[in-house]
Amino acid sequence: MDFNECIKFANETPVCYLATVEGDQPRVRALGFWFADRSGFYFQIGAMKDIYKQLQTNPKVEACFWQPGEATGKMMRVAGNIEFVDDPELKKKVLEDRPFLKDFGLTFDHPGLIIFRIAKGEAYFWTMETNFEPKKFIKFGD
């Protein structure tokens with residue numbers, strides 16, 4: 001397995017579960033996944049959400065992408081630190097890809113439109129068949 005397989009798996013999985021920390025309490029939620037490429041795993045959120053405050057305080061996250069299949073399906077977990085991306089072109093692209101965001105009054109220059117990515121970290125795949133094998137981490141980023 002290599003990072004290209006991680007990108008492919010993430011891009012084929014429209015919803016993932018993202019874990020953050022609030023104080024000493026883990027917080028997990030289903031989150032619409034935007035896209036992945038060689039520069040990382042990209043997400044879009046609203047600044048009014050608790051997740052934004054959590055990420056500002058502690059940038060460590062773990063995302064779990066799951067695809068159903070035989071037995072329990074296949075899972076990919078991605079852990080790392082997030083970085084906020086303030087790029088007007090990416091914000092225009094997210095509004096094209098997710099036009100429903102405009103219904104919330106979000107525009108590419110609206111301060112409430114937040115993009116972040118996991119640019120550096122590690123990922124691994126899990127299936128029931130590999131359940132007891134040592135994890136094979138795939139490092140990515142600088």
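**How many aromatic pairs does the count come to in this structure?**

*Solution.* The model is a predicted one. Ring pairs are accepted when their centres lie within 6.5 Å. By this rule the count comes to 13 aromatic pairs.

**Exercise 1. Characterise the aromatic pair formed by Phe3 and Phe140.**

*Solution.*
Step 1. A pair of aromatic rings is described by the distance of the centres and the angle of the planes.
Step 2. For Phe3 and Phe140 the centres are 5.0 Å apart, with 10° between the planes. Planes under 30 degrees apart count as stacked, and the pair is accordingly stacked.
Step 3. Phe3 belongs to helix H1 (residues 3-11) and Phe140 to strand E8 (residues 138-140); with their positions 137 residues apart, the pair links distant parts of the chain.
Step 4. Phe3 counts as buried because its relative accessibility is 7%, and Phe140 counts as buried because its value is 5%.

**Exercise 2. Characterise the aromatic pair formed by Phe9 and Phe125, and identify the lysine that lies over the face of Phe125.**

*Solution.*
Step 1. The centres of Phe9 and Phe125 are 5.4 Å apart and the planes stand at 90°. Planes over 60 degrees apart count as edge-to-face, and this pair is edge-to-face.
Step 2. Phe9 lies in helix H1 and Phe125 in strand E7, 116 residues apart, and the pair thus joins distant parts of the chain.
Step 3. Both Phe9 and Phe125 are buried.
Step 4. The lysine is Lys74, which lies over the face of Phe125 at 4.8 Å from the ring centre. Elsewhere, the charged end of Lys92 is placed over the ring of Phe108, 4.7 Å from its centre.

**Exercise 3. Describe the surroundings of Phe116 and state whether this residue is buried or exposed.**

*Solution.*
Step 1. Phe116 is located in strand E7 (residues 113-127).
Step 2. The relative accessibility of Phe116 is 0%, so Phe116 counts as buried.
Step 3. Beyond residues up to four places away in sequence, Phe116 touches a set of residues including Leu18, Leu31, Phe41, Phe43, Ile82 and Phe84.
Step 4. Phe116 is also a member of one aromatic cluster, together with Phe3, Phe33, Phe41, Phe43, Phe65 and Phe140.
Step 5. Gly40 is separated from Phe116 by 76 residues in sequence and by 9.5 Å in space, C-alpha to C-alpha.

**Exercise 4. Place Leu18, a contact of Phe116, in its strand pairings.**

*Solution.*
Step 1. Strand E1 (residues 15-22) runs antiparallel to strand E2 (residues 25-32), and eight bridges join them. The partner of Leu18 in E2 is Arg29.
Step 2. E1 and E2 form a hairpin with two residues between them, and Gly23 in the turn has a positive phi of about 65°.
Step 3. E1 also pairs with strand E5 (residues 60-67), in the antiparallel sense and over four bridges. In E5, Ala63 stands opposite Leu18.

**Exercise 5. Determine how many disulfides the structure contains, and examine Cys6 and Cys16.**

*Solution.*
Step 1. A search of the whole structure finds zero disulfides. The criterion requires two cysteine sulfur atoms within 2.5 Å.
Step 2. For Cys6, the nearest cysteine sulfur is that of Cys64, 13 Å away, and Cys6 is in no disulfide.
Step 3. For Cys16, the nearest cysteine sulfur is likewise that of Cys64, 8.2 Å away, and Cys16 is in no disulfide.
Step 4. Cys6 has a relative accessible area of 0% and is therefore buried; Cys16, with a relative accessible area of 0%, is buried too.

Note on methods. Residues are numbered from 1 along each chain as its sequence is written. This is a predicted model: local features need pLDDT of at least 70, side-chain atom pairs count only at pLDDT 80 or more; totals for chains, interfaces and linings use all residues. Side-chain values use heavy atoms; hydrogens and water are left out. Buried means under 20% relative accessible area, exposed over 50%, partly exposed in between (1.4 Å probe, protein chains only). Contact means heavy atoms within 4.5 Å. Two strands pair if DSSP finds at least two bridges between them. Rings of Phe, Tyr and Trp (its six-membered ring) pair if their centres lie within 6.5 Å; planes under 30 degrees apart count as stacked, over 60 as edge-to-face and the rest as tilted. A charge sits over a ring if NZ of Lys or CZ of Arg is within 6 Å of the ring centre and within 35 degrees of the ring normal.
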